Structures are given as structure tokens and as C-alpha cells.
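Student: Could we go through the labels on this model and check where they come from?
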Amino acid sequence: MTELIYKEEAYQIIGACMEVHKRLGRGFLEIVYKDAIEYEFGMKKIPYEREKQYKIPYKNVVLSHKYFADFVVYDKIILEVKAGSGIVDEFLAQTLNYLAVSDCKLGLIVNFGKDSLEYKRVVL
């Protein structure tokens, strides 16, 4: 059996997100969940950057638009926050692209739009 990449770090991140969902439930906009996650990360001393900017290279140029990761946690995990009806293929494809641009190896998609927190690991 293959060992999960960044198992302990992912566990800490998902734990913080579960605490947010337990307190807020579903129905808020993504920005509210991001603010609460930021608070939890600070309380738990989980290192993170919010809205970290990445350039997008294309052929021999860098595109004028940038990608802003919701969170980069432990300087190696992309955290994408959603508040919809589920985690759809579009979110998976988007996260794979974000991983490629960032050189991170693990992405976590968390969805606060259901009665229980929904999350998915995405590995590049």
C-alpha cells in the first residue's frame, strides 16, 4: 500500500476545516469560511499563506493574469475552499492545474456546502 503524501499535515488542515464547519455549518459564502480557516490556522499555529500569487508561464512568456491560491499551507499544500453542492470534476481539474503552476505535490479541496464537510485529496 502506498503511503499518503503529507499525511499528518493534511490531517491538521482537514481538522481545522472540520472545526470551522462544526461552528458555521453550511450556507455561507466561501470568503466567510476562508476567514474562519485563517483564524483556526492561527490558533493551531499552522503555517499558511492566504491568496498566494503564482505566475502562469505559457510557451516563452508569462501570462498577464495570475493564479491566487486560496491557501498554501506548510509551504507545500494547496487548499481550495468551496461552498457548493459538491466537489465536481471542474474543481479537480482546476486544482491539478494549480498544483502544476505552484510545484506543490498535494492539493486539498474542501467543500462547506453540505451538512458534513466534504474533502478530496488531489496528488500531482
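Tutor: Sure, we'll take the aromatic rings and then the sheet, keeping in mind that this is a predicted model.

Student: Why is the pair of Phe 28 and Tyr 33 called edge-to-face?

Tutor: The structure holds seven aromatic pairs. In this one the ring centres are 6.0 Å apart and the planes stand at 80°. Pairing needs centres within 6.5 Å, and edge-to-face needs planes over 60 degrees apart, so Phe 28 and Tyr 33 fit the label. Together with Phe 112 they form one aromatic cluster.

Student: What makes the pair of Phe 41 and Tyr 48 tilted?

Tutor: Their centres lie 5.5 Å apart, with the planes at 45°. Stacked means under 30 degrees and edge-to-face over 60, so an angle of 45° leaves tilted.

Student: How do you know which of Phe 41 and Tyr 48 is buried?

Tutor: Buried means under 20% relative accessible area. Phe 41 has 0%, so Phe 41 is buried. Tyr 48 has 27% and therefore counts as partly exposed.

Student: What makes Lys 82 a charge over the ring of Phe 91?

Tutor: The charged end of Lys 82 is 4.6 Å from the ring centre, and the distance cut-off is 6 Å. The angle to the ring normal must also be within 35 degrees; Lys 82 does sit over the ring.

Student: And what makes E1 and E7 edge strands?

Tutor: The open sheet has the order E1-E4-E5-E6-E7, with mixed pairing. Strand E1 (48–54) and strand E7 (118–123) each pair on one side only.

Technical notes
Residues are numbered from 1 along each chain as its sequence is written. This is a predicted model: local features need pLDDT of at least 70, side-chain atom pairs count only at pLDDT 80 or more; totals for chains, interfaces and linings use all residues. Side-chain values use heavy atoms; hydrogens and water are left out. Buried means under 20% relative accessible area, exposed over 50%, partly exposed in between (1.4 Å probe, protein chains only). Two strands pair if DSSP finds at least two bridges between them. Helices (H or I, at least four residues) and strands (E, at least two) are DSSP runs, numbered from the N terminus.
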